Amino acid sequence: MTLFALYQSVDDPTAIPEVVSERFSWFAALLPPMHALIHRHWDSMGLFVVGLGTALLTARFMGGDAGFWLYVLIAIAFGFAAPGAERRALQRRNFIPLGHRLAADADLARLAVLESRP
């Protein structure tokens, strides 16, 4: 079971709610720049560029191993930060939170919210 955050559009209240899974994102951890570009998380992309520059400077002055492990730490941080970035992006696009649901997948979480509507 996974915890999902559900968001409803203010502009179109009849639309199907958007779902964000509240768990570690392997895609964001393994390919941080691709995840940021695909989901248009420009703030995350900027932080990745700064983190990559820091890792490169660390590798140059403290050794390759230190730079590698700093990059691994940055990638893990991006994996944990991906759900928060998605929630912020939905709120910027004028979505309001509907709450959280435990479900096996995103469709079941949507279905639970749609069934509980009056």
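I take two strands as paired if DSSP finds at least two bridges between them. With that in hand I looked up β1 and β3, which run antiparallel and are joined by 8 bridges. The model I am reading is a predicted one.

**Entry 1: the sheet**

I followed one pair of residues across from β1 to β3. Ala 5 has His 100 opposite, in β3. Next I looked up the other side of β1. There β1 and β2 are joined by 4 bridges, again in the antiparallel sense. As an example I noted Tyr 7, whose bridge partner in β2 is Glu 18.

I then wrote down the whole sheet. It is open, has 3 strands in the order β2-β1-β3, and its pairing is antiparallel. Which strands stand at the edges? They are β2 (18-21) and β3 (95-103); each has a single partner strand, so one side of each has no neighbour in the sheet. I also noted the turn between neighbouring strands, which is 30° on average with direction ignored.

**Entry 2: helices on the sheet**

I looked for what packs on this sheet. Helix α4, residues 64-92, does so and touches β1, β2 and β3. The direction of α4 makes about 160° with that of β2. Helix α5, residues 106-116, also packs on the sheet and touches β1, β2 and β3. For α5 I noted an angle of about 115° with the direction of β3.

How many residues of β1 are buried? I found 7 of the 8, so β1 is largely enclosed by the rest of the structure.

**Entry 3: Ser 9**

I picked Ser 9, which is found in strand β1 (residues 2-9). Is Ser 9 buried or exposed? Its relative accessible area is 12%, and buried means under 20%, so Ser 9 counts as buried.

I then checked the side chain of Ser 9 for polar partners. A polar atom of this side chain lies 3.3 Å from the backbone nitrogen of Asp 11. The backbone nitrogen of Asp 12 also lies 3.3 Å from a polar atom of the Ser 9 side chain. Leaving out residues up to four places away in sequence, I found that Ser 9 touches Asn 94 and Phe 95.

**Entry 4: two positive phi values**

Asn 94 came up as a contact of Ser 9, and I looked at its backbone. Asn 94 lies in the loop between α4 and β3. Its phi is positive, about 70°, although Asn 94 is not a glycine. With a relative accessible area of 35%, Asn 94 is partly exposed.

Arg 40 is a further residue other than glycine with a positive phi, near 55°. I placed Arg 40 in the loop between α2 (32-38) and α3 (42-62). Is Arg 40 buried or exposed? The relative accessible area is 52% and the cut-off for exposed is over 50%, so Arg 40 is exposed.

**Entry 5: the largest pocket**

Last, I looked for empty space. The largest pocket holds about 190 Å³. Which residues line the largest pocket? I listed Val 19, Val 20, Ser 21, Arg 23, Ser 25, Phe 27, His 35, His 39, His 41, Ala 82, Pro 83 and Glu 86. The elements giving two or more residues to this lining are β2 and α4. I had met both before: β2 as an edge strand, and α4 as a helix packed on the sheet.

Methods:
Residues are numbered from 1 along each chain as its sequence is written. This is a predicted model: local features need pLDDT of at least 70, side-chain atom pairs count only at pLDDT 80 or more; totals for chains, interfaces and linings use all residues. Side-chain values use heavy atoms; hydrogens and water are left out. Buried means under 20% relative accessible area, exposed over 50%, partly exposed in between (1.4 Å probe, protein chains only). A polar contact is a pair of N or O atoms within 3.5 Å; within protein, one must be able to donate a hydrogen and the other to accept it, and residues adjacent in sequence count only if both atoms are side-chain atoms. Contact means heavy atoms within 4.5 Å. Axes are lines fitted to C-alpha atoms, for helices over the stretch in contact, and angles run from 0 to 180 degrees between N-to-C directions. On a 1 Å grid over the protein atoms alone, a cavity is a set of points where a 1.4 Å probe fits but cannot get out, and a pocket is an open set with protein on both sides within 12 Å along at least five of seven lines; lining residues have an atom within 4 Å of a point. Grid points are joined across faces, edges and corners, and a volume is the space filled by probe spheres set on the points.
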